[in-house]
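Biologist: Hey, got a minute to go through this one with me? Let's pull it up.
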Amino acid sequence: MDQIAIIGGSHLEGDIPISGAKNSAIKLMAASLLTDEPLRLTNMPRLADTRFLGNLLRRLGTELTETNGPDGPQTVLHTPEIVSAFAPYDLVRQMRASFNVLGPLLARTGHAKVSLPGGCAIGARPVDLHLKALEALGAHIDLNEGYVYAQAPRGLRGATITFPFVSVGATEHAMLAAVLARGETILMHAAREPEIVDLADCLNVMGARIEGAGTPVIRIVGVERLNGATHAVTPDRIETGTYALAAAMAGGEVRLTNTRADLIESLLLKMEEAGVEVERRNDGLTIRRNGSRLRAVEVETDPYPGFATDLQAQFMALMTVADGESVVRETIFENRFMHVPELARLGADITVSGGEARIRGVDFLQGAPVMATDLRASVSLVIAALAARGETIVNRVYHLDRGFERLEEKLSACGAKVRRLKGHMEAEN
Ligand code: UD1
């Protein structure tokens, strides 16, 4: 199993290019099942998660071609025919968002058998809202032996669906099914994340009729068929925020390119409150910190445009060395503080009570062996290590590889001392 070794203390200077958004790319890949024509996705991230989903799509009948052209990494997905509407447990288990093939399979073929994704490290993560949305669109759903059996032999029909609370996954899933339903669908209390807008933009180029994405009410007029298209994946806001926080933690000056500041405005405001200098540019943003001590600030995670739960662990890493006590409240997932004991191994002073963590800033962190527990938690350890004295070894790097493309390369290019130890035995810790 690979490890990442980081020697802290170097300032970061340089440019970091941001990749396409993982959380968009995997839903766009699922959208390709809705048409028998090729969907060309540009600005594609190359990650373990996109690979997992690619493997599942091939089983369902998708021809998948990856190229690295002058316009960057592209993937063409072409499913002339659905050869199987079955998504087995083994493949869905590897990556939760694989579950989102259910809606497109159902919409295109009228039936699907897809494994329930099960819980995951950060919480129970149920899919009841996804299933209710599909039922509202006329699907007949049975659960048996861990599988969802969905049927709509005479096709889906439009409906008004009011979500009881914001769910990104359920909003996307309802969109993926409703685009081919008969008549009009209205999604009330819909998620407003940039990935929702990206999915709607892509589906609209494919011939769908979706209005209101990015607002709480999305209106979809079903169409008979969708066509092929070319679409550029939106920049990854979580990767953007993560490198912004890495730069703030290490100090120095880093330009984040191929991204947009407005994607992470709630984070940038908090970083400025903490004393980090942020310059918003047309083609990205620049983060500066000259070595002065940061101030402790409070954050609470919320659906977009609020503070992203996917940036909570990384922000907490920054607060471990701020002046004073900061409070981080997690309102989206019930078990998303697994990075806390690992940060404590580096010398952080954090107490957790329910969904709230109190972080008392320490003068410095000290490198140590630590263990990655989930995707975003693992990168918070990398951020902490950038400012820690001595060496930190992060074990179980496969979590990082799910969502961060060429992390060690991007950080090293700015002067960080980060290297990957290939296939190393896991250290006891
Ligand atoms: C969530 C995050 C998203 C992040 C992703 C990966 C929010 C609102 N969503 O999206 O920003 O990128 O995790 O970390 O911040 N829920 C149910 N039933 C359902 C679906 C969801 O109870 O059928 C609950 C979840 O357990 C959670 C909340 O609703 O407490 C929001 O979940 P949802 O937005 O659907 O999760 P993801 O799509 O995974």
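Biologist: Which helix gives the most to the shell around the ligand?
Modeller: Helix 5, with three residues. Keep in mind that this is a predicted model.

Biologist: OK. And which residues come nearest to the ligand?
Modeller: Arg125, Asp128, Ser167, Asp310 and Ile332, out of 19 residues around the ligand.

Biologist: What does the side chain of Asp128 do there, distance-wise?
Modeller: One of its N or O atoms sits 2.6 Å from a nitrogen atom of the ligand.

Biologist: And which side chains have a polar atom by a ligand oxygen?
Modeller: Ser167 has one at 2.5 Å from an oxygen atom of the ligand. For Asp310, the distance from a polar side-chain atom to a ligand oxygen is 2.6 Å.

Biologist: How much of the ligand does the protein bury?
Modeller: 85% of the 720 Å² that the ligand exposes when taken alone.

Biologist: What's the make-up of that shell by class?
Modeller: Eight nonpolar, five polar and six charged residues.

Biologist: Switching topic: how do helix 6 and helix 7 cross?
Modeller: Their axes cross at roughly 10° and come within 10 Å. Angles under 35 degrees count as roughly parallel, so helix 6 is roughly parallel to helix 7.

Biologist: Which residues meet there?
Modeller: From helix 6 you get Val168, Thr171, Glu172, Met175 and Leu176. Facing them in helix 7 are Glu195, Ile196, Leu199, Ala200 and Leu203.

Biologist: And how does that contact split by class?
Modeller: Seven nonpolar, one polar and two charged residues.

Conventions:
Residues numbered from 1 in each chain as written. Predicted model: local features only at pLDDT ≥ 70, side-chain atom pairs only at ≥ 80, totals over all residues. Heavy atoms only, no water. Axes fitted to C-alpha atoms, helices over the stretch in contact; angles between N-to-C directions. Helix = DSSP H or I, 4+ residues; strand = E, 2+ residues; numbered from the N terminus. Parallel < 35°, antiparallel > 145°, perpendicular 65-115°, else oblique. Contact = heavy atoms within 4.5 Å. Nonpolar A, V, L, I, M, F, W, Y, C, P; charged D, E, K, R; others polar. Near = heavy atom within 4 Å. Polar contact = N/O pair within 3.5 Å; in protein donor to acceptor, adjacent residues only side chain to side chain. Areas by Shrake-Rupley, 256 points an atom, 1.4 Å probe, with all protein chains shown as cover.
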